[in-house]
Amino acid sequence: SAGGVLIMLLTFSGSEVEATTTYYSTGSADVNTLEHWTNVRDGTGTCPADFASGDAFFIQNGHSMTTTAGWSLSGQGNEIRVESGGTLTVMWIAATSSFRVESGGTYVHNAASGSANGQAGDIPGSAARDFGPTSTVEIQKWANGGTTPVALPSGVAWGNMKINVASLAGDWQQSGGLTTVNGNLTVAATGGKSLVLSGSGGLSYTLTVVGDLNISGGTLDMHNSNNSIANQINLGGSFNQTGGTFTRTSTSANLAGNFYFTGGSSSVTFSQPAGTFTATRINITVDAGKAVTLNNNLNTGSYYGRQFTVGGTLFCGTSIVSGSGQFFLNAGGTLGIGDTNGIASGTTASGNIQTTTSVSPTRTFSSAANYIYNGIAAQVTGSGLPTTVASLTISNANRSEERRVGKE
């Protein structure tokens, strides 16, 4: 009423008044102890009362922290963040709504849930997962003895990903859900089984690896069932194999796997003991405008329907491309030839390109392509060089005077 006192009663729900406090690691220690966190970066300030109040926990540069028991955060706004230079090693499952590993940060997963086959939620971040392009995630353990381990969480853009699993009871089927690695993908161990990108009941996929694909152990299988699904790897960096196996074990003849080199400057290197590279039922393509250098011989596989296509640049050096597939050097492409015998037409096993197949044509060298003879010993052009070409470069001080094998 007039002249009276107006009293307003304001009410807030718990979610509206709840504030998130950020706590920082105080050193390399376990994460489960409240005293290992303070709300000031330099280690002063106060410690959290619990892990259930919607707080954020940041692991700082130079700190390597581990879980010594299950670590579960709750409350609105809860977050685990590994900053650049920090490391979180999970020996027991860590759970949080939001999980972020900044570029330069490292997350090591060496734990399994109670489920025999594991669960996607074993990776922290039930609501959000964010991995910086140069962050590192290393998987050292997955599942708990089950024969059908579940896939990694799908739809995640990983930074550097390393698969280094000591033991698996069955092939680790990703069902087409592993699609983006913004750094390097390294396969070091797959527990005596295979890391399968897709298979029976799986979905078509394109895996984009912005960095290198490194295989030092275990088995990476593009597709392992007879389902006719599209499956493709786009590799922006180099392919390096020092061990293990790279393959596509599917026998489906309807859709081959596709392996594209999409980076500006890549290489293919097999270092001893090198392991097994089986390109059977995989088509290999060097994209237009991209360049690949062979540091070792490359066998395109024993299945006659395969194709090796060069739309960009392939520098062979003295390495040989062989196998039962077809070889295509497309218009606008460039071939660097270092073999003393150059390149040969037909089914002649001579020179840098020695693919053989009953499918015609065995090898196609476009007259609208570019050819560079850059060997370190005397070379002949070989019978495969077209009579007209877009450009011909001789960069060999020891070049032969012959233009073609068997011709004067």
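In this predicted model, Ala274 is found in the loop between strand E26 (266-270) and strand E27 (276-277). The phi angle of Ala274 is near 75 degrees, a positive value in a residue other than glycine. In general, most residues other than glycine have a negative phi. Ala274 has a relative accessible area of 11% and, because this is under the 20% limit, is classed as buried. The loop between E26 and E27 also holds Pro273, which has a relative accessible area of 63% and is therefore exposed, the limit for that class being over 50%. Pro273 can also be placed relative to a residue elsewhere in the chain, since its C-alpha atom lies 9.3 Å from that of Ser216, although 57 residues separate Pro273 and Ser216 in sequence.

A positive phi, of about 65 degrees, also occurs at Ala143, which is not a glycine. Ala143 is situated in the loop that runs between E12 and strand E13 (157-158), and a relative accessibility of 5% places Ala143 among the buried residues. The loop between E12 and E13 is also the place of Pro153, for which the relative accessible area is 6%, so that Pro153 too is buried. When neighbours within four places in sequence are left aside, Pro153 is in contact with Ala120, Ile123, Arg129 and Trp158. The C-alpha atom of Pro153 is separated by 7.2 Å from that of Gly177, a residue 24 places away along the chain.

Ser135 belongs to the loop between strand E11 (128-131) and strand E12 (136-141). The relative accessible area of Ser135 is 0%, and this residue is therefore buried. Beyond the residues up to four places away in sequence, Ser135 touches Val101, Glu102, Ser103, Gly104, Gly105, Gly159 and Asn160. Of these contacts, the one with Ser103 can be described further, as the C-alpha atoms of Ser135 and Ser103 are separated by 4.2 Å while the two residues stand 32 residues apart along the chain. The side chain of Ser135 also has a polar atom that lies 2.7 Å from the backbone oxygen of Gly132.

Thr186, by contrast with the loop residues described so far, is found in a strand, namely E17 (residues 185-190). At 18% relative accessibility Thr186 counts as buried, because the value is under 20%. Apart from neighbours within four places in sequence, the residues in contact with Thr186 are Met161, Lys162, Ile163 and Asn214. With Asn214 there is a polar contact, in which the side chains of Thr186 and Asn214 are joined at 3.3 Å.

A further threonine, Thr362, lies in the loop between strand E35 (334-337) and strand E36 (363-365). The relative accessibility of Thr362 is 11%, and Thr362 therefore counts as buried. Outside the residues up to four places away in sequence, Thr362 touches Gly325, Gln326, Phe327, Gly346, Thr347, Thr355, Thr356 and Thr357.

The interior was also examined for enclosed space. In general terms, rolling a probe the size of a water molecule over the atoms shows where empty space is left. A search of the whole structure finds 1 cavity of 30 Å³ or more, and the largest cavity contains about 70 Å³ of space. The residues lining the largest cavity are Phe239, Phe259, Phe261, Val268, Phe277, Ile282, Ile284 and Leu298. By class, this lining comprises 8 nonpolar residues, with no polar and no charged residues. At least two residues of the lining are supplied by strand E25 (257-261), and at least two by strand E28 (282-286).

Cysteine residues were considered last. A search of the whole structure finds 0 disulfides. Cys47 has a relative accessible area of 35% and is therefore partly exposed, whereas Cys316, at 0% relative accessibility, counts as buried.

Notes:
Residues numbered from 1 in each chain as written. Predicted model: local features only at pLDDT ≥ 70, side-chain atom pairs only at ≥ 80, totals over all residues. Heavy atoms only, no water. Helix = DSSP H or I, 4+ residues; strand = E, 2+ residues; numbered from the N terminus. Buried < 20%, exposed > 50% of the residue type's maximum accessible area, 1.4 Å probe, protein only. Contact = heavy atoms within 4.5 Å. Polar contact = N/O pair within 3.5 Å; in protein donor to acceptor, adjacent residues only side chain to side chain. Disulfide = S-S within 2.5 Å. 1 Å grid on protein atoms, 1.4 Å probe; cavity = no way out; pocket = protein on both sides within 12 Å on 5 of 7 lines; lining within 4 Å. Points joined across faces, edges and corners; volume = space filled by probe spheres on them. Nonpolar A, V, L, I, M, F, W, Y, C, P; charged D, E, K, R; others polar.
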